[in-house]
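Hi,

Here is the structure I said I would pass on. Have a look at it first, and my notes on what turned up follow below.

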Amino acid sequence: MRAMVQTAFGGPEAVALHDVPVPTIAADEVLIHVAACAVNRLDLLQLNGPALLPGFVLPHVAGTDVAGTVAEVGADVTDVAVGARVVVDPTLGCGDCTYCGVGDFGYCGGVSVVGGNRPGGFAEYVAVKAVQVHSVPDEIALTTAAALPSSWSTAYHALFPVGRLAAGETILIQAAASAVSLAAAQLALEAGARVVAVAGSQAKLDAVRALGVQHCVPLDADPIAYVRELTDGRGAEIALDHVGPATWPISLGALGVRGRLVFMGQTSGDQVNLGLAGAYHRELALLGSGAYTPEDFSRALQAFWSGKLSAPIAAELPLESLPAAFDVLTDRATVGKVLVRP
């Protein structure tokens, strides 16, 4: 089969199209004919090096967000049929540790991640455990399904188990045109919250507004004042920030008394300045949001299926154009996910 194989750490020259054997599946696995695989920053970071996940070895086939059709099932698989249209939850724990006992696979010392430390979806076929596949409704395109796993699960986990978002609350969402923020904005609206979207360009705000978000404000147009006026001076109950030091002052400043800042990324750097007095006098809660759980994954999918929501796709490229897909991913004008199709 054709696969994009990483043979070293570096730039685009470190990954190339190879002919490799079709994976042989174990008794509890299924073989998926890949329809599409979304590009994530983990793919790019591990291409550049060093590896971020334990157990990563070269050569490596990346690609965590996979959707496709089941081509073969293992001898012990009884609940997945050949021909089923599926999307993959890429993360699976060892099943024996304390973290796995409560569903926190992302914190398992032996965590297995499709495309992260085991072969992924930048190939014609990928083998995964049967428990990792979820059915895709007939009315949902497989390309759409491939845009969901990482961004929608991460957004769901941040909003609800961590952020405890409730109907009627006001939430400020930074970098609102990124894939995870687009997911968060729609999930928040579905939950009955009032969303204030912040982005760096009018084109990005227009893309967010097209998804039903009424309150959109440019990053350089004083979002704090906008939120204060919108809430009659109270401030937002929650802010979602995966940018870091470039936006933290705005996210914190927009919060009202007992507001919650949910943070889950650091694309603008890893260190922030925090005024303690302003935080504790308002009784602010700083909530880190890390790895989603299988329950988050399932609930995010169900919210998407039932809500008729949207997962914008910025570009679809053929398998051999993966290096170009990485370029699109890093383009600051990109709105939505970048897909590779074998």
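Let me start with a residue at the surface: R234 is partly exposed, since its relative accessible area is 48%. Keep in mind throughout that this is a predicted model. R234 pairs with D232 in a salt bridge, and the closest N and O atoms there are 4.0 Å apart. The cut-off for a salt bridge is a nitrogen within 4 Å of a carboxyl oxygen, so you may want to look at that pair yourself. D232, for its part, counts as exposed because its relative accessibility is 68%, and the cut-off for that class is over 50%.

**Other salt bridges**

The structure holds 10 salt bridges. One of them brings together the side chains of E169 and R260, at 2.9 Å from N to O. This pair ties distant parts of the chain to each other: E169 sits in the loop between helix 4 (149-162) and strand 10 (170-173), while R260 belongs to strand 14 (residues 255-263), and the two are 91 residues apart. Are these two residues buried or exposed? Both E169 and R260 are buried.

E295 and R299 make another salt bridge, with their closest N and O atoms 2.7 Å apart. Here both partners are in helix 10 (residues 294-307), 4 residues apart, which is about one turn of the helix. E295 counts as partly exposed because its relative accessibility is 46%, and R299 falls in that class too, at 45%. There is also a network: D28, E29, R118 and K129 are joined into one by salt bridges that share partners.

As general background, side chains of opposite charge can pair when their charged atoms come close.

**Cavities**

Searching the whole structure gives 2 cavities of 30 Å³ or more. How much space lies in the largest cavity? The answer is about 60 Å³. Its lining is made up of M4, Q6, V15, D43, L47, H60, A62, F122, L322 and F326. Strand 1 (2-6), helix 1 (41-48) and helix 11 (322-330) are the elements that give two or more residues to that lining. Sorted by class, the lining of the largest cavity has 7 nonpolar, 2 polar and 1 charged residues.

The second largest cavity has a volume of about 40 Å³. Around the second largest cavity you will find A147, S151, W152, A179, L182, A183, S310, A311, P312, G336 and K337. Two helices, helix 4 and helix 5 (179-190), each supply at least two residues of this lining. Which element has the largest share of the lining of the second largest cavity? Helix 5 does, with 3 residues. The class split for the second largest cavity is 7 nonpolar, 3 polar and 1 charged.

**A pocket**

If you want an open site to look at, the second largest pocket has a volume of about 210 Å³. It is lined by 16 residues, and the closest to its centre are M1, P21, P23, V61 and P119. Strand 8 (residues 125-129) gives the largest share of the lining of the second largest pocket, 3 residues. By class, the lining of the second largest pocket comes to 12 nonpolar, 3 polar and 1 charged.

**Surface patch and a contact**

On the surface, L274, L276, Y280 and L286 make a nonpolar patch of about 400 Å². Within that group, L276 has its place in helix 9 (residues 276-281). Is L276 buried or exposed? L276 counts as exposed, because its relative accessibility is 60%, and the cut-off for exposed is over 50%.

Last one: I224 lies in helix 7 (residues 223-230). With 25% relative accessibility, I224 counts as partly exposed. I224 and G253 are 29 residues apart along the chain, and their C-alpha atoms are separated by 6.1 Å.

That is it from me. Shout if anything is unclear.

Cheers

Key
Residues numbered from 1 in each chain as written. Predicted model: local features only at pLDDT ≥ 70, side-chain atom pairs only at ≥ 80, totals over all residues. Heavy atoms only, no water. 1 Å grid on protein atoms, 1.4 Å probe; cavity = no way out; pocket = protein on both sides within 12 Å on 5 of 7 lines; lining within 4 Å. Points joined across faces, edges and corners; volume = space filled by probe spheres on them. Nonpolar A, V, L, I, M, F, W, Y, C, P; charged D, E, K, R; others polar. Patch = residues over 30% accessible without salt bridge, like charges linked within 9 Å, V, L, I, M, F, W, Y side chains within 5 Å. Areas by Shrake-Rupley, 256 points an atom, 1.4 Å probe, with all protein chains shown as cover. Buried < 20%, exposed > 50% of the residue type's maximum accessible area, 1.4 Å probe, protein only.
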